[in-house]
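This report covers selected local features of one protein chain. The topics are charged pairs, a buried acidic residue, a strand position and a helix.

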Amino acid sequence: MRHRIVILGGGTAGTMIANRLLRELGDEARIVVIDRDNRHVYQPGLLFVPFGLADPDELVRPRGLQLHDGIEFILAEVDRVDAGDNKVYLTSGKRIGYDALVIATGASLLPEETDGLTGPGWERSMFTFYTLDGATKLRDALSRFESGRLVVNMVDLPIKCPVAPLEFCFLADWFLRERGVRGDVELVFATPLDAPFTRPVASTRLGGLMADKDIVIETEFSTGQVDGAAGKLISWDEREISFDLLVTIPVHGGASFVGRSPGLGDELGFVLTDAATLQSRAAANVFAIGDATNVPTSKAGSVTHFEAETLIENIRLFLAGRQLEGSFDGHANCFVETGFHKALLIDFNYGVEPLPGRFPDPRLGPLPLLQESRLNHIAKLAFQWIYWHVLLPGHRLPGISPQLQRAGKNTTQGARA
């Protein structure tokens with residue numbers, strides 16, 4: 001029997017899963033990928049665009065060309081999923097049945113959810129670098145910015161790549177110093193969190209770097225309104241932060257069709273997903289991966305890569321009528337650009353926060369954890385080639401485990417209760 005596996009989303013997660021499933025299941029499965037557009041964007045590169053460190057045209061490739069021959073690619077908008085009837089409904093009215101469904105539609109920006117954010121000043125004094133168009137427009141504005149207050153504001157969590165706002169602050173500090181205008185710019189990071197990052201050890205380290213670079217941190221600032229004409233952020237408790245240039249990370253939500261699919265998602269539109277098996281709560285033959293899920297770990301590309309091992313095995317087990325494995329442990333790692341051709345690396349999971357050590361081997365490294373180094377920076381830049389030529393085509397990264405390796409880390413210090 002040939003199983004039909006339908007994958008919603010042709011981004012990082014959907015492309016990688018489709019190529020891996022084709023490689024491992026071969027003629028046992030018919031694989032269909034559905035996406036509303038044919039533009040695959042290398043999202044980690046968006047961080048570099050505002051500083052002239054990446055060419056926008058080099059970050060985009062056709063989705064269909066990233067899928068191996070034998071995978072059907074459908075360019076269409078999803079209206080809803082009927083998990084009880086095993087069907088995906090497209091906005092065209094067409095219905096597509098499935099034996100197994102993978103939801104890999106990522107997270108969407110919802111700037112309109114914040115009062116005033118898309119009003120006066122939007123894309124003139126207020127920008128986001130979380131889209132290719134936004135990052136490109138911000139590049140032009142930043143090149144002209146020579147004095148005043150530059151505010152980087154994370155409106156709320158969850159967001160894609162939670163360290164990216166911090167990275168932007170570090171790169172902005174470097175960029176302004178290189179231009180000789182840093183002394184005329186006040187750089188502010190406004191966050192709803194009570195610290196720079198969600199995990200204490202890493203937060204202390206990152207907060208120290210921000211202090212060293214004279215970056216002001218405004219904590220517990222929950223943005224409720226933006227007055228673009230007056231250049232003000234206004235929190236729900238009526239605190240105000242003025243700005244001359246605002247870099248915003250808007251509220252995120254899941255794909256809109258999730259909200260139209262009974263039982264599929266939470267109030268933000270993220271798919272209700274078992275944190276260990278990646279099986280949807282809606283039906284046994286529905287799975288989710290990457291930013292589309294509500295699992296309590298970072299919405300970062302590395303998470304998708306590590307989740308893939310669990311997801312692919314569990315799809316195989318489900319199709320064979322066997323019990324699923326709860327093998328995903330929330331593993332995430334992220335390179336954090338800190339400017340001046342340096343970066344640090346964090347490695348953590350559901351229960352263990354980022355700690356000092358070496359990655360991927362605790363003795364030989366070669367990459368230091370929670371420590372700035374030029375090698376970490378080089379590794380981050382090299383990842384773009386690895387992304388297009390290794391991960392998306394469905395190859396494994398040798399020597400890197402999908403589960404967190406605790407050897408060489410002080411897990412007593414970093415374990416959460």
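## Salt bridges and local packing

D85 is partly exposed, with a relative accessible area of 36%. Its salt-bridge partner is K87, and the closest N and O atoms of the two are 3.5 Å apart. K87 is likewise given as partly exposed, at 25% relative accessibility. Elsewhere, salt bridges with shared partners link R20, E24, E309, R316 and R396 into one network. The model is a predicted one, and these distances are computed from its atoms.

The count of salt bridges in the model is 23. Three of the pairs are listed here.

| Pair | Closest N to O distance |
|---|---|
| R36 and E77 | 3.9 Å |
| R260 and D79 | 3.6 Å |
| K87 and D85 | 3.5 Å |

What does the bridge between R36 and E77 tie together? R36 sits in the loop between strand 2 (29-35) and strand 3 (39-41), and E77 in the loop between strand 5 (72-75) and strand 6 (78-82), so the pair connects parts that are 41 residues apart in sequence. R36 has 55% relative accessibility and counts as exposed. E77 is partly exposed, its relative accessible area being 32%.

The bridge between R260 and D79 has a closest N to O distance of 3.6 Å. R260 belongs to the loop between helix 5 (256-259) and strand 20, while D79 belongs to strand 6, so this pair ties together parts that are 181 residues apart in sequence. R260 is partly exposed at 38% relative accessibility. D79 is also described as partly exposed, with a relative accessible area of 21%; the cut-off for buried is under 20%.

### An acidic residue without a salt bridge

D291 is located in the loop between strand 20 (286-288) and helix 6 (301-319). This residue is buried yet forms no salt bridge. How far away is the nearest side chain of opposite charge? That side chain is K160, at 5.5 Å. A salt bridge requires a nitrogen to oxygen distance within 4 Å. Setting aside neighbours within four places in sequence, the contacts of D291 are G106, A107, K160, F270, K299 and A300. K160 is thus listed as a contact of D291 although the two have no salt bridge.

### Strand 22 and helix 7

L344 is part of strand 22 (residues 342-348). With a relative accessible area of 0%, L344 is buried. Beyond its neighbours within four places in sequence, L344 has contacts that include R205, L206 and L209. Others among them are C334, F335, V336 and T338, as well as L370, Q371, E372 and N376. The C-alpha atoms of L344 and H377 are separated by 7.5 Å, and the two residues are 33 residues apart along the chain. Both N376 and H377 are among the buried residues of helix 7.

Helix 7 covers residues 374-391, which is 18 residues. From first C-alpha to last it reaches 23 Å, close to the 26 Å expected at 1.5 Å a residue. Where does helix 7 bend? The bend is at W385 and amounts to about 40°. At the start of the helix, a side-chain oxygen of S373 comes to within 3.4 Å of the backbone nitrogen of L375. The other buried residues of helix 7 are A379, K380, Y387, W388, V390 and L391.

Conventions
Residues numbered from 1 in each chain as written. Predicted model: local features only at pLDDT ≥ 70, side-chain atom pairs only at ≥ 80, totals over all residues. Heavy atoms only, no water. Helix = DSSP H or I, 4+ residues; strand = E, 2+ residues; numbered from the N terminus. Expected span 1.5 Å × (residues − 1). Bend = angle between axes of the 7 residues up to and from the residue. Buried < 20%, exposed > 50% of the residue type's maximum accessible area, 1.4 Å probe, protein only. Polar contact = N/O pair within 3.5 Å; in protein donor to acceptor, adjacent residues only side chain to side chain. Lys, Arg positive; Asp, Glu negative; His and termini not counted. Contact = heavy atoms within 4.5 Å.
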